[in-house]
Amino acid sequence: RPRLCPPSAVIHRRPHSRLTSLLPFMSLLASMMVCSFSPEDRQRHLMIAVSAVGLAVLCSMDLSQLLFAAMGAATYTLYQAANKTMYRVRRVTPPRSPPAPPSKFAQCSADKDPRRPKASGGSRPLPETPPQPTRQPMKQPSSKPVAAPVFAAVGFDAQVGELLADLAVTAQSERILRDIVQAIERLVHPVLPEAKVVSFVNADLASGAAFRVAVPEVDIVICASPRSLTRLSSASSGQDAGHIKDSRKLVKSALRMCTDRLIHSGRFRFRRSAFRNDEPKVTLLASPDCVGGGGEAVPIEVSVNSAAPGFNSALLAECGLIDPRARGLALLVRRWAKDRGACHVAKGHLPPYAWTLLSIWFLQVGCEEGPLLPPVSEFEMSSSLVASAPKTHGGAPCAWKPPGDKAKRTVGELFKEFVRFYNTRFDFQRDSVSVWTGLPGAPRARSASSRWIEDPFDRQSDVCESLTEAGMAHLKEELARADALSDAGASLAELLEPWSPPESCGGGSSGGASSEG
């Protein structure tokens, strides 16, 4: 017969069974509470939780269930601690850049500051930390190294002719450029319905060279009225932008919005931006899908209401009409400066537009054959782009006459004279360049500037503002190198050998450049 339990015993075991069944959940809840507190309060709340668990132990007499609950709580605590260690993000502090040297105004203000610590035994302040030297770029391995160009022609002049023929824009490049312009128009018109997209190309897209992404051959200019830019800025910020008087802010805002639309479409990739320049620009890569589905990505420079690409194209076109050698020399100088890394604005070099002006001014005042070009003020088309521009300089008529047909120098010979002129006869610290007047030693509009290249379309603008001391040193080094190679009878391939930073502080500076720069 089964053993019967008295009713009093059953009634006595009911509270014990309820507490035993709740014990695991109480222990689990206590462990979760401990893990959820911050490290500062965890110690204090841990004692409270341990006391609560101890009280539950005293009320429970089932030791097996108590051990099971404790093991579960310990396992859960270890699991949570492991997860926090696994997913903890280690914050890396970037290295601090050396402080910039104080200006004269800041130095004078610091000397008068009574809170500034004084040197013992005198009234003069403590000496400042000397500025750190500028770090020179070092050579890095490239996935797409570019070798020196190879020419089938023999002789320097013949190689120059072959290069200029390769730089001529082909029908395929014009078709690719037309596809890029149409794609940009479709993406920009929803935000700027009245905008017009204009393209300028300086060389054939298939003429590969070093720094093809750093200095693209294609300029895309989105032309929009100030009213359209103001309306776009108001729509993007949600505030009235009519009070903004600085046109550069409107241009930057419009360029950012257009760039976002181009990148989000998937047909363009972002490469770099230059918003600190007088004319903000963005470098993009047009994907092969955007140019017909074949070939490589095409680097382009996109800007809003930028005038320099149009001015550069107008000057080259009219120089070619006056003397075809002038346009050929400007294209050759641009290609040389690009291959030798001397026209990358982001690195503190002269922009390509400045090299065009240097080429024109050399043909006006420095050519041994005589002036091959008149002042830009006498250009029939380019001078009309400047409002209220006088046709004469200082009240005297222009005395330029076209050179004769005898003893004409080739483009290759003009290039050798170009590098010799700027290497030996031109003083970058004192002389100035003014293609508008076309006169040697033209007076500077601003005496405070130590180097100045005048923009013929805005004579108060400094084209070489981006040039730094390191960029000037590199420019002089490349001019001396080209002059020495020309005197030694080197080939054009040696002159156009792609430049690359030295591998060490004492290394050389030639060879192995990247196609992307």
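1. A salt bridge is counted here where a side-chain nitrogen of Lys or Arg lies within 4 Å of a carboxyl oxygen of Asp or Glu. The model is a predicted one, and in it Glu 217, Arg 334 and Lys 338 are linked in a network of such salt bridges. By this rule the count comes to 15 salt bridges.

2. Within the network, Arg 334 pairs with Glu 217, and their closest N and O atoms are 3.5 Å apart. Arg 334 belongs to helix H10, which spans residues 324-339, whereas Glu 217 sits in the loop between strand S2 (196-201) and strand S3 (218-223), so this salt bridge ties together parts that are 117 residues apart in sequence. Both Arg 334 and Glu 217 are buried.

3. Glu 217 also meets the side chain of Lys 338 in a salt bridge, with 2.8 Å from N to O. Lys 338 lies in helix H10 and Glu 217 in the loop between S2 and S3, so the parts tied together by this pair are 121 residues apart in sequence. Lys 338 has a relative accessible area of 3% and is buried, and Glu 217, with a relative accessible area of 13%, is buried as well; the cut-off for this word is under 20% relative accessible area.

4. Another salt bridge joins the side chains of Glu 497 and Arg 481, at 4.0 Å from N to O. This pair links distant parts of the chain, given that Glu 497 is in the loop between helix H14 (492-495) and strand S10 (513-514) while Arg 481 is in helix H13 (residues 469-487), and the two residues are 16 residues apart. Glu 497 is partly exposed, with a relative accessible area of 28%.

5. A further point concerns an open sheet of 3 strands, which has the order S7-S8-S9 and mixed pairing. Strand S7 (432-433) and strand S9 (458-462) stand at the edges and have a single partner strand each, so one side of each is left without a neighbour in the sheet. Strand S8, which covers residues 452-455, runs antiparallel to S9 and is joined to S9 by 2 bridges. Glu 454 has Asp 462, in S9, as its bridge partner.

6. What packs on this sheet, touching S7 and S8? The element is helix H11 (residues 352-365), and the direction of helix H11 makes about 90° with that of S8.

Conventions. Residues numbered from 1 in each chain as written. Predicted model: local features only at pLDDT ≥ 70, side-chain atom pairs only at ≥ 80, totals over all residues. Heavy atoms only, no water. Pairing = 2+ DSSP bridges. Helix = DSSP H or I, 4+ residues; strand = E, 2+ residues; numbered from the N terminus. Contact = heavy atoms within 4.5 Å. Axes fitted to C-alpha atoms, helices over the stretch in contact; angles between N-to-C directions. Buried < 20%, exposed > 50% of the residue type's maximum accessible area, 1.4 Å probe, protein only.
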